[in-house]
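Here are some short exercises to work through with the model open in your viewer. Try each task before you read its solution.

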Amino acid sequence: MKKYVQLYLVSIAIMIIGLIEILLNKTNLSQEFRGIFELVVGVICFILAIISQVKFNANRKQSERELSREYDERDGLIEGKASQFTMTVLMIVTLMIMFLTKWITIPTNNALFFIVIFCGVTNLLAKKYYERFL
């Protein structure tokens with residue numbers, strides 16, 4: 001948007017310079033013609049800036065829709081991959097805890113808490129990994 005503000009300001013400045021030259025140089029015809037030329041150039045620049053901004057806004061909405069659809073698909077893929085990895089790790093950790101409980105007495109609350117924490121960390125790290133590499 002700043003680009004268009006700059007275009008507007010430049011075109012308005014050219015129009016003002018042209019008006020000043022027209023008003024101050026009434027006696028010199030070539031200077032007055034130059035002022036009229038600058039005024040016309042300023043108006044043309046102003047119209048082009050308006051047209052460019054309208055086209056940009058129309059294209060931006062369309063490109064935002066396309067990008068959001070791509071990001072939705074990408075986010076779904078990342079969620080799926082991370083969930084699949086987390087479930088695999090959850091099964092491995094559960095089997096390890098089942099194996100360890102034959103020799104070590106582990107309270108149920110502690111074992112479940114360990115599984116929940118481990119899965120949360122694994123899911124977070126999997127999402128970060130897949131966001132970077134997908």
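**Exercise 1. Compare the chain's radius of gyration with that of a compact globule of 134 residues.**

Start with the yardstick: the radius is taken over C-alpha atoms, and the globule rule is 2.2 Å times the number of residues to the power 0.38. For 134 residues that puts a compact globule near 14 Å, but this chain has 33 Å. Next, look at the box: along the principal axes, the C-alpha atoms fill roughly 110 × 25 × 20 Å.

Before going on, note that this is a predicted model, where local features need pLDDT of at least 70 and side-chain atom pairs count only at pLDDT 80 or more, while totals for chains, interfaces and linings use all residues. Residues are numbered from 1 along each chain as its sequence is written, and side-chain values use heavy atoms, with hydrogens and water left out.

**Exercise 2. Work out how many helices and strands the chain has, and in what pattern.**

Helices (H or I, at least four residues) and strands (E, at least two) are DSSP runs, numbered from the N terminus. Counting them gives three helices and zero strands. Reading along the sequence, you get α-α-α.

Now check the contacts, meaning heavy atoms within 4.5 Å. Of those with a separation of 6 or more, 67% are between residues 24 or more positions apart.

**Exercise 3. Find the salt bridge and say which helices it links.**

Look for a side-chain nitrogen of Lys or Arg within 4 Å of a carboxyl oxygen of Asp or Glu. The structure holds one such bridge. Glu79 pairs with Lys127, and their closest N and O atoms are 3.1 Å apart. Glu79 sits in helix H2 and Lys127 in helix H3 (residues 108-133), so the pair links parts of the chain 48 residues apart.

Then check the exposure: buried means under 20% relative accessible area, exposed over 50%, and partly exposed in between (1.4 Å probe, protein chains only). Glu79 is partly exposed at 38%, and Lys127 is partly exposed at 25%.

**Exercise 4. Classify the ring pairs Tyr8 with Phe46 and Tyr129 with Tyr130.**

Rings of Phe, Tyr and Trp (its six-membered ring) pair if their centres lie within 6.5 Å; planes under 30 degrees apart are stacked, over 60 edge-to-face, and the rest tilted. The structure holds four aromatic pairs. In one of them, Tyr8 and Phe46 have ring centres 5.5 Å apart and planes at 55 degrees, so call it tilted. This pair joins helix H1 (residues 2-24), home of Tyr8, to helix H2 (residues 29-100), home of Phe46, across 38 residues. Tyr8 is buried at 18% relative accessibility, whereas Phe46 is partly exposed at 27%.

For Tyr129 and Tyr130, the centres are 5.2 Å apart and the planes at 75 degrees, so this one is edge-to-face. Tyr129 is partly exposed, with a relative accessible area of 45%.

**Exercise 5. Is Glu38 buried or exposed, and which residues does Glu38 touch?**

First, place Glu38 in helix H2. At 15% relative accessibility, Glu38 counts as buried. Leaving out residues up to four places away in sequence, Glu38 touches Ile14, Ile17, Gly18 and Glu21. For the wider picture, 19% of the chain's 134 residues count as buried.
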